[in-house]
Amino acid sequence: MTEEVSRDHIETDKMNPEFVNEIVKAGADRIRTCIQCGTCSSVCPSGRRTAFRTRELMRKAVLGLKEEVLSSPDLWLCATCLTCLERCPRQIKIIDAIIIMRNMAVAEGYMLPQHRKTSEKLLETGHAVPIDEANKEMRKELGLDEIPPTVHSHPDALKDVQTIMDKTGFKKLIAKEKSEE
């Protein structure tokens, strides 16, 4: 069997029909109406620069290939720009489906190291990309205040941001991820 044939072969015992039901229940109710036209992949800016194929991800989700979808690094390549939704002839909420699957992936212990690091930075500082000297200088050159009107200039607000992350379960989710390393 060639590598190409084996890659295209889907083992039915790896299909979980409840997976697509979970995605639908979480809010991507039109995902089953995908006709695999490929419009989403053809307009995807991330797909132009990476191996990401939106259509392939949606097909695997509909087929119930839960483990394959949730463990795939491709799940994290979507830039959530909404171009696919704008062009989809079925108006499928592709970005909603991808975000739902990302949340499912994290809940099941799949998170790319870069995303974990960014999430930890968000918990610690209130920013995914904290301000540094280079950013301060760039802001000055653009005629902006060196420090943006965020928790950087209102450190007391960090506690509020952390409270929100705690109440939404984000803090617990990231702490769970960190403890499993």
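**Exercise 1. The second largest pocket**

Task: In this predicted model, find which residues line the second largest pocket, and work out which helices each supply at least two residues of that lining.

Solution: Begin with the residues themselves, which are Trp76, Thr80, Ile99, Arg102, Asn103, Val106, Met111, His115, Ser119, Phe170, Leu173 and Ile174. Next, place them on the helices: H8, helix H9 (113-125) and helix H12 (170-179) each give at least two residues to this lining, and H8 gives the largest share, with four residues. Then sort the lining by class, which yields seven nonpolar, four polar and one charged residue. Finally, consider the space enclosed, since the second largest pocket holds about 200 Å³.

**Exercise 2. A lining residue with a positive phi**

Task: Thr80 is one of the residues that line the second largest pocket; state where Thr80 is placed in the chain, and what is notable about its phi.

Solution: First locate Thr80, which sits in the loop between H6 and H7. Its phi is positive, at about 55 degrees, although Thr80 is not a glycine. For comparison, most residues other than glycine have a negative phi. As a last step, decide how open the residue is: Thr80 has a relative accessibility of 32%, and because partly exposed residues lie between the limits of 20% and 50%, Thr80 counts as partly exposed.

**Exercise 3. A positive phi in another loop**

Task: Carry out the analysis for Gln91, asking which helices its loop lies between and whether it counts as buried, exposed or partly exposed.

Solution: The loop that holds Gln91 lies between H7 and H8. Gln91 has a positive phi of about 55 degrees and is not a glycine. With a relative accessibility of 43%, Gln91 counts as partly exposed.

**Exercise 4. Around the start of helix H7**

Task: Determine whether Leu82 is buried, exposed or partly exposed, and then answer the corresponding question for Thr83.

Solution: Leu82 belongs to the loop between helix H6 (66-71) and helix H7 (83-87). Its relative accessible area is 38%, so Leu82 is partly exposed. Although Leu82 and Cys44 are 38 residues apart along the chain, their C-alpha atoms are separated by 9.0 Å. Thr83, by contrast, lies in helix H7, and its relative accessible area of 15% falls under the 20% limit, so Thr83 is buried. When neighbours within four places in sequence are left aside, the residues in contact with Thr83 are Val43 and Pro45.

**Exercise 5. Two helices that cross H8**

Task: Describe how H5 crosses H8, and then how H2 crosses H8, giving the angle, the handedness and the residues that meet.

Solution: Take H5 and helix H8 (residues 94-107) to begin with: their axes come within 11 Å and cross at roughly 65 degrees, and the crossing is left-handed. On the H5 side the meeting residues are Thr54, Leu57, Met58 and Ala61, while on the H8 side they are Ile94, Ala97, Ile98 and Met101. Sorted by class, this contact comprises seven nonpolar residues, one polar residue and no charged residues.

Now turn to helix H2 (residues 17-25), whose axis comes within 9 Å of that of H8 and crosses it at roughly 115 degrees. This crossing is right-handed. Phe19, Glu22 and Ile23 of H2 meet Ala97, Ile100, Met101 and Met104 of H8, and the contact has six nonpolar residues, no polar residues and one charged residue.

**Exercise 6. The cavities**

Task: State how many cavities of 30 Å³ or more the whole structure contains, and which residues lie nearest the centre of the largest cavity.

Solution: A search of the whole structure gives three cavities of 30 Å³ or more. The largest cavity has about 90 Å³ of space. Of its 14 lining residues, Cys34, Cys37, Cys40, Cys88 and Ile92 lie nearest the centre. The elements that contribute two or more residues to this lining are helix H3 (39-43) and helix H5 (54-63). By class, the lining of the largest cavity divides into nine nonpolar, three polar and two charged residues.

**Exercise 7. The chain as a whole**

Task: Give the number of helices and strands in the protein chain, and the share of its residues that count as buried.

Solution: The protein chain has 12 helices and zero strands. Its C-alpha atoms fill a box of roughly 60 × 35 × 35 Å along the principal axes. Of the 181 residues, 31% count as buried. Among contacts with a separation of 6 or more, 64% join residues 24 or more positions apart.

How values were computed
Residues numbered from 1 in each chain as written. Predicted model: local features only at pLDDT ≥ 70, side-chain atom pairs only at ≥ 80, totals over all residues. Heavy atoms only, no water. 1 Å grid on protein atoms, 1.4 Å probe; cavity = no way out; pocket = protein on both sides within 12 Å on 5 of 7 lines; lining within 4 Å. Points joined across faces, edges and corners; volume = space filled by probe spheres on them. Nonpolar A, V, L, I, M, F, W, Y, C, P; charged D, E, K, R; others polar. Buried < 20%, exposed > 50% of the residue type's maximum accessible area, 1.4 Å probe, protein only. Axes fitted to C-alpha atoms, helices over the stretch in contact; angles between N-to-C directions. Left-handed = near helix turned anticlockwise from the far one by under 90°. Contact = heavy atoms within 4.5 Å.
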